[in-house]
Amino acid sequence: MTALVLLVPVLPLLAALAPLTGVRAPGLGIAVSAGGIGALACAIAVTVDVGSHGAYSAFSGFLYVDALSTFFTITVAIVVTLAGIGSIAYLKTEERRAELDLLQLRLYAIFFALFAGLMLASLETGNLGLLWVLIEASTLASAVLVGLEAKARSLEAAWKYIIISSFGVTMALVATLFLYYSATSLALSPNQRLTWPALFAHAHLLHTDSLRLAFLLAVIGYGTKVGLAPMHTWLPDAHSEAPSPASAMLSAALLNTGMYAIIRFQAVALPELGRYTNRVLLVFGFASIVIGALFMVRRGNFKRLFAYSSVEHMGIISVALGFGGVLGVYGALLHTLNHAIGKCVLFLTSSELVQRWRTRETGEVHGALRAAPLVGGVLLLGSLAIVGSPPFGLFLSEFTIVRAGFHGSSLLTFILLALLVLAFIAFVRSTAGMATGEPQPVDSETTAATSAASAIPLVAGIAGLLVLGLWIPGGLNDLILHSIGAIR
Amino acid sequence: MTPVLAQIESLSAASTSGVLLDLSAVLMLLCAFACLGSKLFDRYVTYYALQSIVLAFAAAVVGHALNQPDLWVLAVATLLIKGIAIPLATRRFLLDRLDLRRDVAISTGLSTSLIIGAALTAFAYLAIRPGTLPHALVASAVVPISTAIILLGGLCMVVRRHTIAQLIGWLILENGVFLGAITLTATFPFIVEAGIFLDLVAAVLIMITFVSGLANRLATASAPELRGLRH
């Protein structure tokens, strides 16, 4: 079992060795996607095992896997797989156009692999200190991806990203220190005081004041990674300047990793602080939805549009956690999975759009449906899915969250609904204009047919969202319920 | 009383180690203020190096008082990496190569930032009341002072727009966290401490690369290209 759990992060990490073999663009892409597929397979095997035998712990809690970690591991592994396959097409095109030199292609593969491996590893540790170390390390690996194109804009975005996230994540370290300190009077060994299951078992005995500080700082610190407003300012720049498959990883995997850390802290703080934790999450959640929705209204760079949509969705997940209860957490987890798949598809679509039209401006792209039926179709369907229209998965999860809201405060729920409508209009107005209309004449080189490697993740993602919208598989339902059981 | 607690209380404010620890904390706070009140890049680096050396000393004091060999390792690593290697690398790869002397990208006057810094220090004392901590800790001055250093580091990052000044601000903030860490959690598992350190080193390396890359591009990049990100 230990070997299986360790394989989940190690397989993607192995892809970092691919450049040593001297392969070029397609080979590098295939290596990272193979790592993703391997991680997904192992993650499913671990999930099945945890489902039947319960949480698994080794190396005095440094390795700890329960249902919640397996849920997030599977989500991240799906994203890594889709983005990995998307990387094949991305790297091929960049190599053909000589926009990236061989060193940059290799750096892409190495840091993509590191980023994926470190994120998956951070989901499999019970030690909150190690969790911090791994999340910070994955931030650093992703910062290199953001700055990869080495233009002034991407370097500036990467700088903004690394300095704001480092600042935020340092706050999360202070939070970890205070949590550790809040357990001082308990009869636990120093290592146990940093280990999540031990803290969770003694949650009602922790010192209230330092626990409150720890929770607040954790929401601010890890919330910076999640992109909760007002700590979201790095997010639109980093997402729009990173290579598109890397943007998909940032938006659909990294943000979730931060949310996972917040969920762990909330679970520990809940018995002692009670509704206080929910109120904090509601405040940050609503702030993010408002900011996300308002900035989506403005037209411009479509990758920024997707990025603000991520801010909005992270806000929705945070609000769902704030509503709390089984229904609220169920909605939050389901929404996490749906958003991850949907946003991954959209960013991979944007990769095709950017490479075909050579622009990131919404106003300069028209008639994607005619010029490239598959890309245009996925853009349209993906946009409808991400704003939460039926029959896609996000409709179901947003519906669950709204139901959870009506159990608590109807006023807040109505505000949430109004904001969702605003986001719907703002988002679809932009993307519908890109998909429809007359395509402008483009030179022959850019009208090359969509390659199989770039079509697979798009079609698979949309199909997955459709399935999740119509039917929640029994295994997924059990997994989410077990995850809720692990933190209550 | 658990053995850990008994151990921590051996660091009480009256003992020699407690006094030395408090003294180091105050010196580190002064370094942060000095950096906040300076306008020369070279000074920033000097004050950061001084602060790191004091931090290494503080780690050694705690390591001695609590008899924790881990902390000795940490003290040596702090001295070598934060006290010597990072300042050296910053000077050689950034200040000398880019020929930086005077920082002009400061958004508030020096006296204003010093006053805000003083207010933040007072706030740190108000926020970390003795009740916040489960046990009347020991070197009770250290926790509010480390909080103040964290806030001052943040202030440096906020009022300075130059990337190198922001980098130094973040490093000062990190030192504040470390000062808090060695007293609050002297018994942190070593593997975690080592990981934190490794992350710091990697972060500084990547930041230095970005800053020098950015400086190279900025010389040629046109202004409209940069304005693209400002909305």
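**Exercise 1.** Which residues of this predicted model are linked in a network of salt bridges? Trace the contacts and the burial of the residues concerned.

Solution.
- The network links Glu149(A), Lys151(A), Arg153(A), Glu241(A) and Arg360(A).
- One of its pairs is Glu149(A) with Lys151(A), whose closest N and O atoms are 3.4 Å apart.
- Glu149(A) has a relative accessibility of 13% and so counts as buried, the limit being under 20%. Lys151(A), at 43%, is partly exposed.
- Another pair is Glu241(A) with Arg153(A), with 3.1 Å between the closest N and O atoms. Glu241(A) belongs to helix α9 (residues 234–241) of chain A and Arg153(A) to helix α6 (residues 152–182) of chain A, so this salt bridge ties together parts 88 residues apart in sequence.
- Glu241(A) is buried, at 5% relative accessibility, while Arg153(A) is partly exposed, at 23%.

**Exercise 2.** Where in chain A do Glu95(A) and Arg24(A) lie, and how many residues apart in sequence are the parts they tie together?

Solution.
- The two side chains form a salt bridge, at 2.9 Å from N to O.
- Glu95(A) sits in helix α3 (residues 67–97) of chain A, and Arg24(A) in the loop between α1 (2–14) and α2 (25–53) of chain A; the pair therefore ties together parts that are 71 residues apart in sequence.
- Glu95(A) is partly exposed, with 23% relative accessibility. Arg24(A) is also partly exposed, at 46%.
- Over all chains, the count of salt bridges comes to nine.

**Exercise 3.** What span should helix α8 (residues 208–226) of chain A have at 1.5 Å a residue? Check it against the model.

Solution.
- The helix has 19 residues, and the expected span is 1.5 Å times one less than that number, which means 27 Å.
- Its end C-alpha atoms are 25 Å apart, in agreement with the expected span.
- After α8(A) comes Gly227(A), with a positive phi near 90 degrees.

**Exercise 4.** Which helix of chain B has the lowest mean pLDDT, and which the highest? Set the result against the whole chain.

Solution.
- Chain B has nine helices and zero strands.
- Its mean pLDDT is 81, and 81% of its residues reach 70 or more.
- Helix α9 (residues 223–227) of chain B has the lowest mean, 44, and helix α3 (residues 41–66) of chain B the highest, 91.
- Across residues 220–228 of chain B the pLDDT is below 50, and this stretch has six contacts in the model beyond near neighbours in sequence.
- Of the 231 residues in chain B, 55% are buried.
- Among contacts in chain B between residues at least 6 apart in sequence, 79% join residues at least 24 apart.

Notes
Residues are numbered from 1 along each chain as its sequence is written. Chains are lettered from A and ligands numbered from 1 in the order in which they are written. This is a predicted model: local features need pLDDT of at least 70, side-chain atom pairs count only at pLDDT 80 or more; totals for chains, interfaces and linings use all residues. Side-chain values use heavy atoms; hydrogens and water are left out. pLDDT is the predictor's confidence in each residue, from 0 to 100. Helices (H or I, at least four residues) and strands (E, at least two) are DSSP runs, numbered from the N terminus. Contact means heavy atoms within 4.5 Å. Buried means under 20% relative accessible area, exposed over 50%, partly exposed in between (1.4 Å probe, protein chains only). A salt bridge is a side-chain nitrogen of Lys or Arg within 4 Å of a carboxyl oxygen of Asp or Glu.
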